[in-house]
Amino acid sequence: MEHVPALDEDLKKTLGPATAKVLAEQLGLHTALDLLHHYPRRYAERGELTSLADLADQIDEHVTVVAQVADARLLTYHGSRGGGKRLEVTITDGSGRLQLVFFGAGVHKPHKELLPGSRAMFAGKVSRFNHKLQLAHPAYEPLGADASDRDAATAFANQLIPIYPACAKLESWKIAKCVDAVLPRAQEAVDPLPPALREGRGLVPLTEALLKIHRPATKADIEDARQRLKWDEAFVLQVALARRRHADSQLPAVARRATPGGLLDAFDAKLPFTLTDGQQNVSKEIFDDLATSHPMHRLLQGEVGSGKTMVALRAMLAVVDSGGQAAMLAPTEVLAQQHHRSITEMMGELAEGGMLGGSDQGTKVVLLTGSMGTAARRQALLDLVTGEAGVVIGTHALIEDKVQFHDLGLVVVDEQHRFGVEQRDALRSKGKQPPHLLVMTATPIPRTVAMTVFGDLETSVLDQLPAGRSPIATHVVPAKDKPHFLARAWERVREEVENGHQAYVVCPRIGDGEDDPKGRKKASAEDEAEKRPPLAVLEIAEQLTRGPLAGLSVEVLHGRMDPADKDDVMRRFAAGEVKVLVATTVIEVGVNVPNSTVMVIMDADRFGVSQLHQLRGRVGRGSAPGLCLLVSEMHEASPARARLAAVAATLDGFELSRIDLEQRREGDVLGQAQSGVRSSLRMLAVIEDEEVIAQAREEAARVVAADPELEHLPGLRTALDALLDAEREQYLEKG
């Protein structure tokens with residue numbers, strides 16, 4: 001049988017099967033190494049544990065207190081189900097008093113141990129009984145039995161007590177005892193940081209960091225340990241991404257250069273406006289990448305309306321010039337159809353290559369979606385395989401096995417966060433050699449998140465809006481406190497429509513019975529508003545047509561409509577026949593109707609900050625100024641209203657994405673698609689530790705350039721293997 005290193009041994013051997021089972025099932029800890037990486041979430045000084053005076057605010061919360069037993073009384077009671085014993089213990093910590101109760105057979109042990117004058121740590125759930133606070137059947141840990149020993153008492157008084165993320169079946173101090181059992185093995189931990197890096201950055205060795213994080217003597221110990229452990233996480237992850245980039249740079253790809261006097265030049269000559277400096281700079285970065293003989297992997301971030309589609313289209317035309325094909329993958333049929341419409345309009349006769357009236361320099365631009373008719377679909381597939389179509393725009397229907405390309409040179413993925421890594425990979429595998437990849441997103445991603453999640457992609461940012469785009473004014477409408485504000489909002493919508501413009505009304509829910517939020521978890525009981533179901537498209541549309549918007553042409557749009565009906569509504573809205581569109585977030589991405597000037601978002605507090613910013617970007621796309629009204633029933637002091645105020649205060653998407661990330665858990669932002677990344681970050685906070693991540697990325701690039709296989713760094717290799725279990729390896733492979 002092969003020798004298992006002590007740190008990789010199952011915890012059953014050290015802690016026994018019962019404890020090991022709870023650690024595995026409740027906390028996901030299986031080995032001694034897992035337990036060593038289960039860091040305390042905070043440290044209490046003896047007097048700093050929850051003081052008894054503060055417990056009134058913590059009803060139903062699990063608390064840990066240190067206190068002295070003031071008195072203990074064993075009572076016999078006679079209840080409806082027969083008699084029994086009840087132990088009542090009063091404890092005090094100088095700030096207040098608290099009653100503990102134990103019943104039945106559970107009274108014997110505490111009756112012997114919790115004697116007046118003894119001290120202990122107690123943990124349990126705070127409840128109220130007969131107007132008094134109490135802990136029923138708390139777990140406890142006697143302290144300082146040898147309190148007569150002055151040194152021991154002093155040591156105890158000054159000790160930093162680690163408080164671990166715990167669960168009902170295993171309190172923090174029991175986890176601390178488990179950690180004590182495996183702590184000696186920290187000596188065997190393999191240090192992943194190259195010695196020169198560690199010494200250059202003044203970081204403590206890994207063994208020392210593990211001892212200090214679990215059993216610090218001073219607050220400075222905790223700081224040393226945290227700094228070191230953050231570096232480990234950032235560096236190992238960045239090495240994984242740097243190796244990915246290095247491997248990609250070794251792959252072969254066909255260099256694609258635009259032909260002078262070809263399709264791209266003909267297109268540029270037709271443009272009725274000049275590109276912004278930002279568009280020109282980003283285009284140059286992309287053209288330089290396309291001209292190399294290894295695949296481009298670039299992330300293009302740009303605010304809604306910053307002209308990303310124009311940049312992507314010019315890249316696609318350059319590839320067609322060079323004899324290749326380009327595919328654009330959109331997350332929804334509505335968006336694919338819209339891209340197809342706007343691209344064919346921009347290209348004019350250049351999109352009709354080989355057709356009557358088409359340009360000699362042109363190519364064919366085809367659409368491929370799941371709901372197309374058989375004949376149209378067959379023709380599109382034929383145009384792709386023969387190379388007749390240089391540009392194809394589609395949904396995930398493009399990924400199906402039947403779809404074959406003549407020579408796929410570039411894949412453009414719109415709205416990356418809506419595509420799984422597998423789908424991106426499936427499309428890339430359609431090329432004879434790996435095609436170039438351009439990923440676009442209108443969700444601004446803070447620099448550190450981009451480095452952590454999309455670290456295998458080079459990043460370009462478009463942060464300048466094209467000329468002619470109007471500013472968007474945003475206001476919060478407090479519907480509950482000031483109902484007349486909501487009435488005024490509907491008047492504003494009428495005014496815009498009467499001035500020849502159009503409006504969106506966005507609701508969180510469809511409201512056809514199927515999507516009613518049974519068992520919806522309340523985010524917080526901030527207010528009564530949180531207790532009612534979110535407002536729904538179908539209900540609001542009916543209220544508006546009967547009430548404040550009577551006589552206007554109002555239509556609904558949501559994700560469960562038949563694709564043909566959806567397209568029909570969108571077409572009529574784009575043509576200006578429909579004046580008010582009541583929709584779900586299906587319009588969040590890519591719907592482009594420059595004549596829309598006002599958007600009312602109902603229950604705006606139910607949306608995330610970045611999502612509100614995305615939605616708002618649908619108005620003010622023409623020459624008339626945009627107006628966005630955030631309707632909420634939350635009270636003014638609530639965190640939800642603070643979020644809405646932040647959105648109203650700035651149009652800077654990067655600033656808002658930072659706020660979003662600070663207010664939500666990072667896991668939500670890093671998302672499921674980045675499987676594994678979040679779960680490997682225990683100490684590192686993506687926003688706070690921006691500097692560590694940026695430095696780790698530089699160090700990782702240096703290390704990988706010098707030693708791509710990490711042959712001279714066995715410790716780093718081991719840490720990388722632990723990070724990249726099968727699932728994450730796959731994620732990074734496909735990234």
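Let me begin with helix 11 (residues 277-290), which lies across strand 9, strand 13, strand 14 (436-441) and strand 15 and runs at about 160 degrees to strand 15; contact here means heavy atoms within 4.5 Å, angles run from 0 to 180 degrees between N-to-C directions, with axes as lines fitted to C-alpha atoms, for helices over the stretch in contact, and helices (H or I, at least four residues) and strands (E, at least two) are DSSP runs numbered from the N terminus.

Before going further, I should say that this is a predicted model, in which local features need pLDDT of at least 70 and side-chain atom pairs count only at pLDDT 80 or more, whereas totals for chains, interfaces and linings use all residues. Residues are numbered from 1 along each chain as its sequence is written, and side-chain values use heavy atoms, with hydrogens and water left out.

Now to the sheet. It is open, with seven strands in the order 11-12-10-13-14-9-15 and parallel pairing, where two strands pair if DSSP finds at least two bridges between them. Strand 11 (364-368) and strand 15 (458-462) stand at the edges with a single partner strand each, so one side of each has no neighbour in the sheet. Neighbouring strands are turned against each other by 20 degrees on average, direction ignored. At one of these edges, strand 9 (residues 297-302) pairs with strand 15 in the parallel sense over five bridges, and Gln-301 has Val-461 as its bridge partner in strand 15.

What about strand 10 (residues 325-329)? Five of its five residues are buried, that is, under 20% relative accessible area, against over 50% for exposed and in between for partly exposed, with a 1.4 Å probe and protein chains only. Gln-325, Ala-327 and Leu-329 point one way, while Ala-326 and Met-328 point the other way. Strand 10 is joined to strand 13 (residues 408-414), running parallel, by five bridges, and pairs with strand 12 (residues 389-394) over four; Met-328 stands opposite Ile-393 in strand 12.

Met-328 also brings us to the largest nonpolar core, whose 39 residues include Met-328, Phe-267, Ile-286 and Leu-438 among those touching the most other members; such a core is a set of buried Ala, Val, Leu, Ile, Met, Phe, Trp, Tyr and Cys residues joined through side-chain atoms within 4.5 Å. Helix 12 gives the largest share of this core, 10 residues.

Finally, helix 12 (residues 308-321) packs against helix 10 (residues 263-270) at an angle of about 145 degrees, with the axes 8 Å apart, and Phe-267 is one of the helix 10 residues making that contact.
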